[in-house]
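Please walk through this structure with the sequence at hand, beginning with one helix and its surroundings before turning to the whole chain and its charged pairs.

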Amino acid sequence: PRKQDTTTMDEITKLVRDYVIREYLEEGDEREITETTPLISGGIVDSFSMVSLKRFLEKKCNVQIPDACATPDAFDTVQSIVGLVHRFQKAQPVTV
């Protein structure tokens with residue numbers, strides 16, 4: 001079977017969680033990052049970090065997320081980020 005260009009919701013979830021843990025938690029920070037952990041309102045991700053997370057996801061998931069949609073609300077939980085990426089993946093025309 002041909003590997004599709006879209007990443008599954010589970011894969012995106014793991015990508016986002018791993019990235020947040022790797023990039024934004026201090027060494028020894030034991031906070032658990034779940035799908036509903038408040039990232040921005042909880043002080044884990046700031047607006048500058050949000051931009052690098054958005055770029056990372058665009059590159060990894062081959063998707064364009066318009067800046068207008070990259071709001072602190074949209075990036076506040078792993079779940080909402082996954083939904084955002086998934087929404088724009090579906091909007092992308094598949095190039096062959």
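**A helix and its neighbours**

In this predicted model, the buried residues of α2 pack against two other helices, α1 (9-24) and α3 (78-91). The residues of α2 that count as buried are Ser 49, Met 50, Leu 53, Lys 54, Phe 56, Leu 57, Glu 58 and Cys 61, a list in which Lys 54 and Glu 58 deserve to be kept in mind, since both return below among the salt bridges.

The length of α2 can be checked against what its residue count leads one to expect. Helix α2 covers residues 47-61, which is 15 residues, and at 1.5 Å a residue these should span 21 Å; the expected span is 1.5 Å times one less than the number of residues, and the C-alpha atoms at the two ends are 21 Å apart, so the expectation and the model agree.

Both ends of this helix can be described in some detail. At the N-terminal end, Asp 46 acts as a cap, with a side-chain oxygen 3.1 Å from the backbone nitrogen of Phe 48. Ser 47 lies in α2, and because its relative accessible area is 58%, which is over the 50% cut-off, Ser 47 counts as exposed. Although Ser 47 and Phe 75 are separated by 28 residues in sequence, their C-alpha atoms are 9.5 Å apart in space. After the other end of α2 comes Asn 62, whose phi is positive, near 55 degrees.

**The chain as a whole**

The protein contains three helices and zero strands, and read from the N terminus its elements follow the order α-α-α. Of its 96 residues, 36% are buried. Among contacts between residues at least 6 apart in sequence, 57% join residues that are at least 24 apart. The accessible surface comes to about 6400 Å², and carbon and sulfur atoms account for 51% of that area.

**Charged pairs**

Side chains of opposite charge can pair when their charged atoms come close. A search of the whole structure finds five salt bridges, and one of them joins Lys 14 to Asp 18, with the closest N and O atoms 2.6 Å apart. These two residues both lie in helix α1, four residues apart, which is about one turn of the helix. How exposed are the two partners, Lys 14 and Asp 18? Lys 14 counts as exposed because its relative accessibility is 53%, whereas Asp 18, at 31%, counts as partly exposed.

Another salt bridge links Arg 22 with Glu 23, where the closest N and O atoms are 3.6 Å apart. Here Arg 22 has a relative accessibility of 52% and so counts as exposed, while Glu 23, with a relative accessible area of 42%, is partly exposed.

Asp 29 and Arg 31 also form a salt bridge, their closest N and O atoms being 2.9 Å apart. Asp 29 counts as partly exposed at 24% relative accessibility, and Arg 31 likewise counts as partly exposed, at 41%. Salt bridges that share partners join Lys 54, Glu 58 and Asp 67 into one network, which brings the reader back to α2, as Lys 54 and Glu 58 are among its buried residues.

Definitions and conventions: Residues numbered from 1 in each chain as written. Predicted model: local features only at pLDDT ≥ 70, side-chain atom pairs only at ≥ 80, totals over all residues. Heavy atoms only, no water. Buried < 20%, exposed > 50% of the residue type's maximum accessible area, 1.4 Å probe, protein only. Contact = heavy atoms within 4.5 Å. Polar contact = N/O pair within 3.5 Å; in protein donor to acceptor, adjacent residues only side chain to side chain. Areas by Shrake-Rupley, 256 points an atom, 1.4 Å probe, with all protein chains shown as cover. Salt bridge = Lys/Arg side-chain N within 4 Å of Asp/Glu carboxyl O.
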